[in-house]
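Biologist: I should like to learn how the surroundings of a ligand and the contact between domains are read from a model. Would you take me through them in order?

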Amino acid sequence: MQQLDHQFIDNRWLPSRGERRLAVMNPYREEVIAEVTAGHPDDVDDAVAAARRALPAWRALSGAERGAYLEGFADGLAQRREELIRLSSTNNGKVLAEAAIDLDDAIACYRYYARQARKLDQRQGQLVELELGGIEARCYHDPVGVVGLITPWNFPLVTSAWKLAPALAAGCTAVLKPSEVTPLPERALAEIAQEIELPAGVLNLLFGDGEGIGAPLAAHPGIDKVSFTGSNRVGESVMRAAAERTADVSLELGGKSPILVMDGADPAQAADWVMAGIYFNAGQICSATSRLIVHQAIAEKLYAALAARIDALVLGDPLDEGTDMGPLTSARQRENVQAYLTVAQREGLSAVRDAHHRQLPKQGYFVAPVLYRDVPTQSRLWREEIFGPVLCARSVASEQEAIDLANDCDFGLAATVVSGDVERARRIGRQLQAGSIWFNSEQLVLPETGWGGFKRSGIGRELGPWGLSAYLAVKHIVGPA
Ligand code: NAD
């Protein structure tokens, strides 16, 4: 069995100082496939020291030079495509198509920030337009320094790419902590760093859990900024730790995103978008559109179309090309989702398809795809992130009611509008409080458009030029012309 008991520091694998070991699972076979160290705060000290040593030379390179290394990461991932898709599917329970999206979006992200790094050179020293004569002001973008990057288990390669690519493009050096649940795919980043001869200490990869690595990293005085993707509970603790030393944070947290299906929409087409929004990756996606808000004129037709599609979903081995939905990624996540299904039963929610409507595969951490209708707005299932294949629906009588219901939420990460009228879809989109709003599509995440949330979905934006700005500190040099 693979033992991940070393940490990647200074481009070398050094034994972890941590003594605890954690099991890494195949969630379909319910088998242990590797053991990973839980890490130790001393590992964090070593990695931060390496990143600090590497910072002056790395930030002194031109953006074009740093961009060439980012192309190297993209090429290295592309060369391992088949192997990584299978590994990610095995460790995560994703079906192959979902694992391919994780990888391909990561590759696109490294290439995008390679281009942005080159453009950064042109932005350095630009003159600022001034009202006052006789004065010259030039604007520069410095890297914020050494950054701590903490990622979750649901899309390991892409969530790390969204942080690592812009951080390295900006001239920062990094300590990356993958989730202890899915440490295997991100291990490839260390191998690639060695292959492309990334300068030692620019990327340090620490395996471990929250106690061994996450919390000490977030609290470390040598870390200038923490970028975190994960749960609200942990994100808030990361922010508190950063506040102790006035360090910068970016937080990508939970979601409870709505999909609004307006009157006049084609129920069959709408049903396809609704399915893609909630059962993709078994609902384990922060931007899952888990609240369906449908106009009463088409609600019954839509529920019927969804029931037929849910019945047709094939659950099974994620490595099998014919599988639509794999297991949840961990036994713990299955318990979390099942706890919500128990609440639904207690609350007497009416189901179009409940948790017992089908036989589940004999092995694997499966939960059946579920659809509740007429869910009261005070229900915990309507208000809280479940992170599983559970869709809650309500019908409304008007466009304004749909918008008000969509915005009546603690989160604001994403939203979808389905309408036969594109102008109407855009108009509704302008009134929704969310970072990404899709119309007549689902989960369209592009490197060029920003990613991040309103309200409790987080702080800051990843992707696009905003994702690069998150790792840059602006300064001006001003004096007589
Ligand atoms: P999590 O918060 O449990 O863990 C996330 C990461 O934080 C892991 O690497 C974990 O080891 C680490 N961690 C745990 N305790 C820590 C601590 N005290 N200090 C620092 N780090 C610590 O989240 P998860 O279960 O891995 O992922 C699911 C959550 O992530 C969901 O809430 C989901 O919405 C969110 N998520 C958000 C986005 C987004 O872009 N907004 C994307 C993916 C996932």
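**Reading the ligand site and the domain contact**

Modeller: We may begin with polar contacts to the ligand, bearing in mind that this is a predicted model. A polar backbone atom of Ala215 lies 3.3 Å from a nitrogen atom of the ligand. For Gly230, a backbone N or O atom is 3.3 Å from a ligand oxygen atom. Trp451 instead uses its side chain, with a polar atom 3.0 Å from an oxygen atom of the ligand.

Biologist: How much of the ligand's accessible area does the protein cover?

Modeller: On its own the ligand has 840 Å² of accessible area, and the protein covers 87% of this. Helix H7 (210-219), strand S11 (225-229) and helix H8 (232-243) are the elements that each give two or more residues to the surrounding shell.

Biologist: Which residues come nearest to the ligand, and how many are around it?

Modeller: There are 27 residues around the ligand, and those that come nearest are Thr151, Glu180, Ser231, Leu253 and Glu385. By character, the shell comprises 13 nonpolar, ten polar and four charged residues.

Biologist: Where does the ligand lie with respect to the domains?

Modeller: One asks which domains contribute to the shell. The domain assignment gives domain 1 (2-253 + 457-480) and domain 2 (258-447). Both domains give residues to the shell around the ligand, so the ligand lies between them.

Biologist: How is the relation between the two domains described?

Modeller: One may take the separation, the residues in contact and the area buried. The centres of domain 1 and domain 2, taken over C-alpha atoms, are 31 Å apart. Their contact involves 32 residues from domain 1 and 33 residues from domain 2. About 2700 Å² is buried between the domains, and carbon and sulfur atoms give 58% of that area.

Biologist: Which residues of domain 1 lose the most area to domain 2?

Modeller: They are Tyr28, Trp153 and Ser457, which together account for 25% of what the domain 1 side buries.

Biologist: May we close with a single residue, Asp142 in strand S7 (residues 135-143)?

Modeller: For one residue, one looks at its partners distant in sequence. Beyond its neighbours within four places in sequence, Asp142 is in contact with Arg59, Tyr471, Leu472, Ala473 and Lys475. The side chains of Asp142 and Lys475 are joined by a polar contact of 2.8 Å.

Technical notes: Residues are numbered from 1 along each chain as its sequence is written. This is a predicted model: local features need pLDDT of at least 70, side-chain atom pairs count only at pLDDT 80 or more; totals for chains, interfaces and linings use all residues. Side-chain values use heavy atoms; hydrogens and water are left out. A residue is near a molecule or strand if one of its heavy atoms lies within 4 Å of it. A polar contact is a pair of N or O atoms within 3.5 Å; within protein, one must be able to donate a hydrogen and the other to accept it, and residues adjacent in sequence count only if both atoms are side-chain atoms. Accessible areas come from the Shrake-Rupley method with a 1.4 Å probe; for residues, only the protein chains shown count as cover. Helices (H or I, at least four residues) and strands (E, at least two) are DSSP runs, numbered from the N terminus. Ala, Val, Leu, Ile, Met, Phe, Trp, Tyr, Cys and Pro count as nonpolar, Asp, Glu, Lys and Arg as charged, and the others, Gly among them, as polar. Domain bounds come from an automatic or database domain assignment. Contact means heavy atoms within 4.5 Å. Buried area is the accessible area (1.4 Å probe) that two parts lose on being put together, summed over both.
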